[in-house]
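Please work through the exercises below with the sequence and the model at hand, trying each task before reading its solution.

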Amino acid sequence: MGTVKDLLFDEKKRLMGALLTPKGLIRKAHYIPMEKILSVGEDALTVEDEEAISELDSTSHLFSVFNGEKHLKGKPVLTLNGHELGQVEDVYFLEEEGTLIGMELSDGFLSDVTDGRKFLPLSEKTKMGADAILVPQELEERIKE
């Protein structure tokens, strides 16, 4: 039915579905909402039938990890007082609960090689915006190498 291209989250950091790679000549974005996914395996997702696939509205409020207008990768992470903590490289989520729990941050290639990337745990106060991710200042102290 397609290949999973990305994961979709809402502004409350809940996993909402899986974005599919467009099939054929039609280039509209399609996704499978979480409630339609029957099981998640190491190599595949299973759904009941093709009716589980929905068209993704271009004005969607959902964030993706890697693709689309509202993707997280590469976005700067800032504290509320404007201090930049790094840029998002990857995300961590609890599969059972379907929620984002943290982000892997980079300060650039050289810093990644010499110091490694950082893990930033998320809180309810984390706000995901179109241009940046805002976190409370106290999370800066909880960053782990």
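**Exercise 1.** Which residues does Val 77 touch, not counting residues up to four places away in sequence?

*Solution.* Keep in mind from the start that this is a predicted model. Leaving out the residues up to four places away in sequence, Val 77 touches His 83, Glu 84, Leu 85, Gly 86 and Val 88, and also Leu 105, Leu 120, Ile 133 and Val 135. The next step is to place Val 77 in its setting: the largest nonpolar core has 18 residues, and Val 77 is listed among those with the most contacts inside it, together with Leu 72, Val 88, Met 103, Leu 120 and Ile 133. Finally, look at which strands contribute, for strand 9 (84-94), strand 10 (99-106) and strand 13 each supply at least two residues of this core.

**Exercise 2.** Determine the strand order of the six-stranded open sheet and identify its edge strands.

*Solution.* Reading across the open sheet, the six strands come in the order 11-10-9-8-13-12, and their pairing is mixed. The edge strands are strand 11 (118-121) and strand 12 (127-128), each of which pairs on one side only. Turning to strand 12, one finds that this strand pairs with strand 13 (residues 133-135) in the antiparallel sense, over two bridges. Within this pairing, Met 128 stands opposite Ile 133.

**Exercise 3.** Describe how strand 4 is joined to strand 5.

*Solution.* Strand 4 (residues 37-40) and strand 5 (residues 45-47) run antiparallel and are joined by three bridges. One facing pair is formed by Ser 39 and, in strand 5, Thr 46. The connection along the chain is a hairpin, which leads from strand 4 to strand 5 through four residues.

**Exercise 4.** Decide whether Glu 104 counts as buried or exposed, and find the partner of its side chain in a polar contact.

*Solution.* Begin with the location, which is strand 10. Glu 104 has a relative accessibility of 17%, and because the limit for a buried residue is under 20%, Glu 104 counts as buried. Its side chain makes a polar contact with the side chain of Arg 117, at 2.9 Å. Beyond its neighbours within four places in sequence, Glu 104 is also in contact with other residues, including Gln 87, Val 88, Tyr 92 and Lys 118.

**Exercise 5.** Locate Lys 13 and describe its backbone and its accessibility.

*Solution.* Lys 13 is found in the loop between strand 1 (4-9) and strand 2 (15-20). Although Lys 13 is not a glycine, its phi is positive, at about 70 degrees. With a relative accessible area of 7%, Lys 13 is buried.

Definitions and conventions: Residues are numbered from 1 along each chain as its sequence is written. This is a predicted model: local features need pLDDT of at least 70, side-chain atom pairs count only at pLDDT 80 or more; totals for chains, interfaces and linings use all residues. Side-chain values use heavy atoms; hydrogens and water are left out. Two strands pair if DSSP finds at least two bridges between them. A nonpolar core is a set of buried Ala, Val, Leu, Ile, Met, Phe, Trp, Tyr and Cys residues joined through side-chain atoms within 4.5 Å. Buried means under 20% relative accessible area, exposed over 50%, partly exposed in between (1.4 Å probe, protein chains only). Contact means heavy atoms within 4.5 Å. A polar contact is a pair of N or O atoms within 3.5 Å; within protein, one must be able to donate a hydrogen and the other to accept it, and residues adjacent in sequence count only if both atoms are side-chain atoms.
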